[in-house]
There are 2 protein chains.
Amino acid sequence: MGKDLIHENLAKQVKNKMLSDDLLFDIAEVFKIFGDSTRIKIIYALKLSELCVSDLAFITNTSDSAISHQLRILKQAKLVKSRKEGKVVYYSLKDEHVIKLFEIGREHAYEL
Amino acid sequence: MGKDLIHENLAKQVKNKMLSDDLLFDIAEVFKIFGDSTRIKIIYALKLSELCVSDLAFITNTSDSAISHQLRILKQAKLVKSRKEGKVVYYSLKDEHVIKLFEIGREHAYEL
DNA sequence: TAAATATATGAACAATTATTCAGATAAGAG
DNA sequence: CTCTTATCTGAATAATTGTTCATATATTTA
């Protein structure tokens, strides 16, 4: 006896309306970037001001190296951008989208 | 020689304006829940309809057990709610907040 | 050119986590 | 009561990931 679906029609309809696995994967990837304390701290700090690596390390009580690693991830995810001035690299948020996403997560966190 | 801050005043000002570590941690936790393919699929499916465990397993091509584990996480995070009817447990999204968060993540994913 | 500084990087390690598997509950059907 | 079905659960495994440490690169300054 094969396994029967409890709500066959409904389940098949929903399955047909699902977004592509690729897109759902990408959406999860975006959230994954926000889902780390250090990166969230960096994002919030950059929401307040453009900052360099050592500023961010000081602000978040983390090592320069850890910050640098996380900034690379944030940059690859196109959430932050950077500009170099001499030895110093200044980072800032890429666009308003990032702030919007942060704020909605913040609202939800308040509700818990 | 102690390590000097490159932008002492700015960095200290930003540090003073930072949200509490606890709140930033909670915000990251919310995003972490969304940051998994299986959970994102569940959330999107539940956006389309109230569904039971085996429906979700069929729709997402995952085992009942894996779905059940993830639903527990989603419920603890207050992103989904459930009601029981006989042997079957029906799950649905907790509120519009969840949809809003999903949609903004989706917008960002499109831009990549 | 040599020393100092800001940032970046690769490897190793520890911690977290998603899935699987076996089995436990709970509820309806025969 | 027994069998089947839907869901849940705990332990084990495998994979991912964040930090640290040592070192490399790049730029300024002495």
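This report covers two protein chains, two DNA strands and one helix pair in a predicted model.

## Ground rules

The model is predicted: local features need pLDDT of at least 70, side-chain atom pairs count only at pLDDT 80 or more, and totals for chains, interfaces and linings use all residues. Residues are numbered from 1 along each chain as its sequence is written, chains are lettered from A and ligands numbered from 1 in the order in which they are written, and side-chain values use heavy atoms, with hydrogens and water left out.

## How the two chains relate

A rotation of 180° with 0.0 Å of shift along its axis places chain A on chain B, with an RMSD of 0.0 Å. The fit is by least squares on the C-alpha atoms of residues with pLDDT of at least 70 in both copies. This is therefore the relation of a two-fold axis. Both copies use the same surface: 100% of the contact residues of chain A recur in chain B. Contact here means heavy atoms within 4.5 Å.

## Around DNA strand C

DNA strand C is surrounded by 26 residues. A residue counts as near if one of its heavy atoms lies within 4 Å of the strand. The closest are A:Ser65, A:Tyr91, B:Thr38, B:Ser65 and B:Gln70. Of the strand C atoms within 4 Å of the protein, 75% belong to sugar or phosphate; the rest belong to bases. By class, the surface has eight nonpolar, 10 polar and eight charged residues. Nonpolar means Ala, Val, Leu, Ile, Met, Phe, Trp, Tyr, Cys and Pro; charged means Asp, Glu, Lys and Arg; the others, Gly among them, are polar.

Some polar contacts (N or O atom pairs within 3.5 Å) stand out. The side chain of B:Ser65 has an N or O atom 2.7 Å from a base nitrogen of DNA strand C. B:Gln70 places a polar side-chain atom 2.7 Å from a phosphate oxygen of DNA strand C. For A:Val53, a backbone N or O atom lies 3.3 Å from a phosphate oxygen of that strand. Elements giving two or more residues to this surface are H4 (53-60), H5 (64-76) and strand S3 (88-93) of chain A, with H3 (37-48) and H5 (64-76) of chain B. Helices (H or I, at least four residues) and strands (E, at least two) are DSSP runs, numbered from the N terminus.

## Around DNA strand D

DNA strand D also has 26 residues around it. A:Thr38, A:Gln70, B:Ser65, B:His69 and B:Tyr91 come nearest. Sugar and phosphate make up 72% of the strand D atoms that come within 4 Å of the protein.

A polar side-chain atom of A:Thr38 sits 2.6 Å from a phosphate oxygen of DNA strand D. Backbone N or O atoms also approach phosphate oxygens of this strand: B:Val53 at 3.3 Å and B:Ser54 at 3.0 Å.

## A helix pair in chain A

The axes of H2 (residues 21-34) and H6 (residues 96-110) of chain A come within 12 Å and cross at roughly 75°. H2(A) and H6(A) are therefore roughly perpendicular, a label for angles of 65 to 115 degrees. A:Val30, A:Phe31 and A:Phe34 of H2(A) meet A:Val98, A:Leu101 and A:Phe102 of H6(A). These contact residues divide into six nonpolar, no polar and no charged.

Definitions and conventions: A polar contact is a pair of N or O atoms within 3.5 Å; within protein, one must be able to donate a hydrogen and the other to accept it, and residues adjacent in sequence count only if both atoms are side-chain atoms. Axes are lines fitted to C-alpha atoms, for helices over the stretch in contact, and angles run from 0 to 180 degrees between N-to-C directions. Angles under 35 degrees count as roughly parallel, over 145 as roughly antiparallel, 65 to 115 as roughly perpendicular and the rest as oblique.
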